[in-house]
Amino acid sequence: DGKQKYSSIFNYPTLTFADVGVIGWLVDGAAIANQVPLCRSSFGPYARAMVRICKEESFHQRQGYELLMHLMGGTQAQREMVQDATNRWWWPSLMMFGPPDADSPNTKQSMAWRIKRHTNDELRQRFVDMSVPQAAALGVTLPDPALHWNDERGQHDFGDIDWVEFKQVVSGQGPCNAERVAHRKAAHDDGEWVREAAVAYARKQAERAVAA
């Protein structure tokens with residue numbers, strides 16, 4: 001019913017085993033780039049929680065990257081599978097940092113309150129700069145013909161993100177939005193008997209306590 005939100009990255013399908021590794025490498029890598037600065041957020045409870053979250057995400061990323069290293073050392077079909085997964089997950093991973101700063105409704109306030117330490121575009125740039133050498137070591141090509149090192153900026157230039165696709169996904173029109181929501185509703189409906197049993201048990205315990 002639109003009351004809950006979840007990460008837009010979960011609206012893309014996982015098609016092959018290589019997706020597991022690429023999600024660990026890129027998706028969890030993007031999450032780490034986004035979340036590590038939040039460990040120094042001005043909001044203490046959020047910052048303290050992020051320390052534990054980042055440790056877990058780091059494990060996921062290392063696990064995913066190691067899986068990909070094994071696949072890239074395998075057959076030609078396995079290497080092609082990794083490249084295909086990289087092609088599909090690269091741009092959605094860049095979208096995880098949110099809209100560009102000029103279009104972000106929350107960045108200015110979050111930066112003023114120091115909840116966020118860096119803007120969406122700054123974090124996205126950091127992620128690109130970290131990912132390029134990782135991709136080279138892995139032996140895959142990032143699917144962006146405009147990606148190149150800019151000596152003047154000391155950073156990588158990269159192509160334009162499809163913000164139309166981004167808006168479609170976050171508004172519920174992504175490849176797997178309907179399927180994901182349907183699964184969530186089905187799980188809730190299938191668990192109705194558990195909730196009913198818990199309520200009945202609690203009521204019975206309360207009645208026994210009163211009788212005693």
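This is a short dialogue on reading helix H5 and a few other spots in a predicted model.

Visitor: Let's start with H5. How many residues does it have, and what span does it reach?

Guide: Since this is a predicted model, take it all as computed. For a helix, you compare the end-to-end distance with the expected one. H5 runs over residues 120–138. It has 19 residues and reaches 26 Å from first C-alpha to last, close to the 27 Å expected at 1.5 Å a residue.

Visitor: And what follows H5?

Guide: Look at the backbone angles there. Gly139 comes after H5, and its phi is positive, near 95°.

Visitor: Which residues of H5 are buried?

Guide: Burial here means under 20% relative accessible area. In H5, the buried set is Asn120, Leu123, Arg124, Gln125, Phe127, Val128, Asp129, Ser131, Ala135 and Leu138.

Visitor: What do the buried residues of H5 pack against?

Guide: Quite a list: helices H1 (17–35), H2 (44–72), H3 (76–95), H4 (107–112) and H6 (163–173), plus strand E2 (155–157).

Visitor: Why does Arg124 count as buried?

Guide: You check the relative accessible area against the cut-off. Arg124 has 2%, so it is buried, the limit being under 20%.

Visitor: What lies 2.9 Å from a polar atom of the Arg124 side chain?

Guide: The backbone oxygen of Gly98 does. Beyond four places away in sequence, Arg124 touches Leu94, Met95, Phe97, Gly98, Pro99, Pro100, Phe158, Ile161 and Trp163.

Visitor: Next along is Gln125. Is Gln125 buried or exposed?

Guide: Same kind of check: Gln125 is at 9% relative accessibility, so it counts as buried. Leaving out residues up to four places away in sequence, Gln125 touches Arg153, Gln155, His156 and Phe158. Phe158 also appears among the contacts of Arg124.

Visitor: Let's go to the surface. Which residues make the nonpolar surface patch of about 260 Å²?

Guide: For a patch, you look for nonpolar side chains that stay accessible. Here Tyr6, Phe10 and Val181 make it. Phe10 sits in the segment before H1, and Phe10 counts as partly exposed because its relative accessibility is 47%.

Visitor: Last one: how do I read Val210?

Guide: Place it, then check accessibility. Val210 is in helix H8, residues 192–211, and with 72% relative accessibility Val210 counts as exposed.

Visitor: How far apart are Val210 and Gln78, in sequence and in space?

Guide: Read the two separations side by side. Val210 and Gln78 are 132 residues apart in sequence, and their C-alpha atoms are 65 Å apart in space.

Terms used:
Residues numbered from 1 in each chain as written. Predicted model: local features only at pLDDT ≥ 70, side-chain atom pairs only at ≥ 80, totals over all residues. Heavy atoms only, no water. Helix = DSSP H or I, 4+ residues; strand = E, 2+ residues; numbered from the N terminus. Buried < 20%, exposed > 50% of the residue type's maximum accessible area, 1.4 Å probe, protein only. Contact = heavy atoms within 4.5 Å. Polar contact = N/O pair within 3.5 Å; in protein donor to acceptor, adjacent residues only side chain to side chain. Expected span 1.5 Å × (residues − 1). Patch = residues over 30% accessible without salt bridge, like charges linked within 9 Å, V, L, I, M, F, W, Y side chains within 5 Å. Areas by Shrake-Rupley, 256 points an atom, 1.4 Å probe, with all protein chains shown as cover. Salt bridge = Lys/Arg side-chain N within 4 Å of Asp/Glu carboxyl O.
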